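Reader: Hello! I am new to this structure and would love a close look at one part of it, with some of the surroundings to help me find my way. Could you walk me through it?

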Amino acid sequence: MYRRWLWPGFALPGILWLVVLFVVPFYAVVAVAFGTVDPILSQPVPIWSPLQWNVGWIVEVLHRFAPGGTFFGPSVRTVEYVASSLALCLLIGYPVAYYIARHGGRMRSLLLVLIILPLWISYLMRMLAWVNLLATDGYVNRFLTFTHVLSQPREWLGGEPSTVVLALVYGYIPYLILPLFAALDRIDRSHLEAARDLGASPLSTFLHVTLPLSKTGILGGAVLITLPMFGDYYTPNIVSGTPQTSMIGNQIDLFFHGGPQPTIGAGITVVLALFLTVLMAYYMWTIHRASRDVAAV
Amino acid sequence: MTTIAEQRPRGISTWSRASGWVRNPWGRPRFLVLITWAYIVWSIVPVLIAVQFSFNATRSRSVWQGFSTRWYWGDPVDSVWHDPTLRHAAVQSLKLASADVLIATPIGVLLAIGLARWMGWGARPSNFLMLFPFVTPEIVMGVSLLLVFTHVFTFVGAGTDAQILGHVTFSISYVVVIVRGRLFSIGRQYEEAAADLGASPTVALTRVLLPLLTPAIVASAAVVFAISLDDFVISQWLSSGGETDTVPIRIYSATRAAPLPSVNAIATVMMVLTLLSLALAFLAWRVFTREERRARAGQTKDLAVFEL
């Protein structure tokens, strides 16, 4: 009896903590989203039993997500920003990870430390750095006017979508490079040699051996940075702060911190979480299929 | 066995390498070298420039006008040392990070041991639950904790207590992942040897397993300290106003108001603290595992002798 309960007993405090402060809170969001609003105090009243849920507010939120609604623009923008940031991250990150994994040589440890370093510098500090650089009299504007690329300084921080995308890339790319590196580093070199021995050119070796073998790393890294990017609100706020670049996270932030309407905020959070669950499920399904294919081989 | 990388001639002189660069700067590895170093410069130099401006002599954070330590302690009103809001934010950040380390590390270590050794039906769902905080966007966690503290566990409310509880919630999983990695690399043989020699599970745990886990425990404590210092979203959602603002919250509100180089200064101080705690953890890991690495090196040497 003692032995049987020993290990679950070890896990118990942690599991209890996560149930009470992770699962229950998430259910509270659902209960608020399907709840009512006190007419006098205008405070949200959560409804805990699914049988008594009030769907009025969530229908209202879904209406606003439809084309023409107030959340439609920010949703489309969020998808655009996340997709372009992800594409840029992959375009920059893949060659970097590839170089360190394949040709790092003696520099490998140093390069890895330099790649990991930004992960340990506060995200806010790194955004602050760009706010300094992109200021009207900042280094970027001075360089661009000095080289006559721009005739006069540009307001980079005044609501430019390109600034937001740059900031997102800068913020999240280290989280993509590491899984990419791990996946590329795991590839057995004998596969590459086999391809070369069988007459494949370097390019087709890359396209038919390296790229497919690093697919799990690409997908894993993409999920790792996409999920937090969809919930980001501070990056657009810091480097732009205008409604033209507002993302879906900013809408949630607004309904809690701006003019408080927590019921609607909770509704958007539920919709966002559902959307991300679908993304996550797709990822798990691909990984499952990939591992099954490997097992079949 | 020759690998692709080794097919290139070894021991090329610097000169011929340089002339190779001139003749064909777009050869495959060369192009990759360029991208990699450009990326590294791009990822680190902006932060260094931000550090530079924390030493600026004037109020500008974008035009360099000479070196001074005014924003650290020299300025009697706006320096990190004299501005009460900045100093308070630093204290609050350190308070949250210390409490987080003290609570999350033991819970996470126990959970890691439990999950690694527990074979029952509940192990898989618990493992799944433990991984969830990694894939949940922080804003979702922030919203849910805020709602639960203001509508369900109303005795907590928003403020320092809520912030600590929130930080622990996202930190536990990091501890589990680090400690479990070490548990897998140790394996079960030491505990089994202890059990064979008559140690009870509790004795095997305290006398054998815990000493072996020490490096991972120290490392996870440092990582928790670092992620807690750097956290912005959870601290912001659970903050109850000015006196619970942490350094990241100060940086966030300062970049949107009228910023002074003192913000760069406090960000620099926190960055140095984070990097120091991680460097210490890395050193501790090296020191604690030195014997093992030596033993492993000796082992392979012994095997090599055996093969001869």
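**A close look at one loop residue, and at chain B**

Author: Happy to! Let us start with H148(A), which sits in the loop between α6 (139–146) and α7 (161–186) of chain A. Please keep in mind that you are looking at a predicted model. What makes this histidine worth a pause is its backbone: H148(A) is not a glycine, yet its phi is positive, near 60 degrees. As a rule, most residues other than glycine have a negative phi. Is H148(A) buried or exposed? H148(A) counts as exposed, because just 7 other C-beta atoms lie within 10 Å, and a residue is exposed when that number is 12 or fewer.

Now let us move over to chain B. In chain B you will find 13 helices and zero strands, so to speak an unbroken run of α elements from the N terminus on. Of the 308 residues in chain B, 40% are buried. Among the contacts in chain B with a separation of 6 or more, 71% join residues 24 or more positions apart.

Next, the place where the two chains meet. Here 69 residues of chain B are in contact with 73 residues of chain A. Several helices of chain B each bring at least two residues to the side that touches chain A, including α4 (84–117), α5 (123–135), α7 (160–186), α9 (201–230) and α12 (261–288). The most comes from α2(B), which gives 15 residues to that side. Sorted by class, the side of chain B that touches chain A holds 48 nonpolar, 15 polar and six charged residues.

Chain B can also be viewed by its domains. The domain assignment gives domain 1 (5–74) and domain 2 (84–307) of chain B. Between them, nine residues of domain 1 of chain B are in contact with eight residues of domain 2 of chain B. On the domain 1 side, α2 and α3 (70–74) of chain B each supply at least two of the touching residues. Once again α2(B) gives the most, this time with three residues. That side of domain 1 of chain B divides into five nonpolar, two polar and two charged residues.

If you would like one helix to follow by eye, try α2(B): it gives the most to the side of chain B that touches chain A, and also the most to the side of domain 1 of chain B that touches domain 2 of chain B.

Terms used
Residues numbered from 1 in each chain as written. Chains lettered and ligands numbered in written order. Predicted model: local features only at pLDDT ≥ 70, side-chain atom pairs only at ≥ 80, totals over all residues. Helix = DSSP H or I, 4+ residues; strand = E, 2+ residues; numbered from the N terminus. Buried ≥ 20, exposed ≤ 12 C-beta atoms within 10 Å, placed from the backbone. Contact = placed C-beta atoms within 7 Å. Nonpolar A, V, L, I, M, F, W, Y, C, P; charged D, E, K, R; others polar. Domains from an automatic or database assignment.
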